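Subject: A structure to look at

Hello,

I am passing a structure on to you, with some notes to read beside it. Please open it first and then go through what I found.

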Amino acid sequence: MTAEQRTLIAANEITGVQFHCPECQTKSIIPLNRIEGIPKNCGNCNAPWYSGMDEMQTVKDFLLQLREFRSLPSGVKIKFELRGG
Ligand SMILES: [Zn+2]
């Protein structure tokens, strides 16, 4: 018998989002409750984090939708599977 372990996370378990700068490796976490003002540049080295305003807006929209999704009174329980390994 082969046992397979899966790691699942519910949206309401997500409390914050980590931003990891590819230039200087600085990491910062923004609570999902305060996601309206996502950073567009690294606070440490000032590297731009998006290829343009469209990309930044896509990220911001996704995070705002995720925050809203957490509080939906849906009967179905949805969890996200994390990559193993
Ligand atoms: Zn940086």
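Let me start with one residue: leaving out residues up to four places away in sequence, Leu-8 touches Lys-79, Phe-80 and Glu-81. Contact here means that the C-beta atoms of two residues, placed from the backbone, lie within 7 Å. The C-alpha atoms of Leu-8 and Lys-79 are 5.8 Å apart, although 71 residues separate the two along the chain. Leu-8 belongs to strand β1, residues 7-10. Leu-8 has 11 other C-beta atoms within 10 Å, so it is exposed. The cut-offs are these: a residue is buried with 20 or more other C-beta atoms within 10 Å of its own, exposed with 12 or fewer, and partly exposed in between, the C-beta atoms being placed from the backbone.

Two notes on how to read all this. The model is predicted, and local features need pLDDT of at least 70, side-chain atom pairs count only at pLDDT 80 or more, while totals for chains, interfaces and linings use all residues. Residues are numbered from 1 along each chain as its sequence is written.

Now the overall picture. The protein has one helix and four strands, and along the sequence they follow the pattern β-β-β-α-β. The radius of gyration is 16 Å, well over the 12 Å that the globule rule gives for 85 residues, so the protein is more spread out than a compact globule. That radius is taken over C-alpha atoms, and the rule is 2.2 Å times the number of residues to the power 0.38. Helices (H or I, at least four residues) and strands (E, at least two) are DSSP runs, numbered from the N terminus. Along its principal axes, the C-alpha trace spans about 50 × 35 × 20 Å. How many of the 85 residues count as buried? The share is 0%. Among contacts with a separation of 6 or more, 41% are between residues 24 or more positions apart.

Next, the hairpin. Strands β2 and β3 run antiparallel and are joined by five bridges; strands count as paired if DSSP finds at least two bridges between them. Gly-16 has Pro-31 in β3 as its bridge partner. Six residues lie between the two strands of this hairpin, where Gln-25 takes a positive phi near 70 degrees. Gln-25 is in the loop between β2 (16-20) and β3 (27-31), and it is exposed, with 10 other C-beta atoms within 10 Å. Strand β3 itself is hardly covered, with zero buried residues among its five.

Following the chain from β3 to α1, you come to a loop that holds Pro-39 and Asn-46. Pro-39 counts as partly exposed, with 13 C-beta neighbours inside 10 Å. Apart from its neighbours within four places in sequence, Pro-39 is in contact with Phe-19 and Trp-49. The C-alpha atoms of Pro-39 and Trp-49, 10 residues apart along the chain, are separated by 8.2 Å. Asn-46 has a phi near 70 degrees, a positive value in a residue other than glycine.

Last comes the helix. α1 covers residues 53-70, and its 18 residues reach 26 Å from the first C-alpha to the last, close to the 26 Å expected at 1.5 Å a residue. That expected span is 1.5 Å times one less than the number of residues. Is α1 mostly buried or in the open? Zero of its 18 residues are buried, so α1 lies largely in the open.

Best wishes
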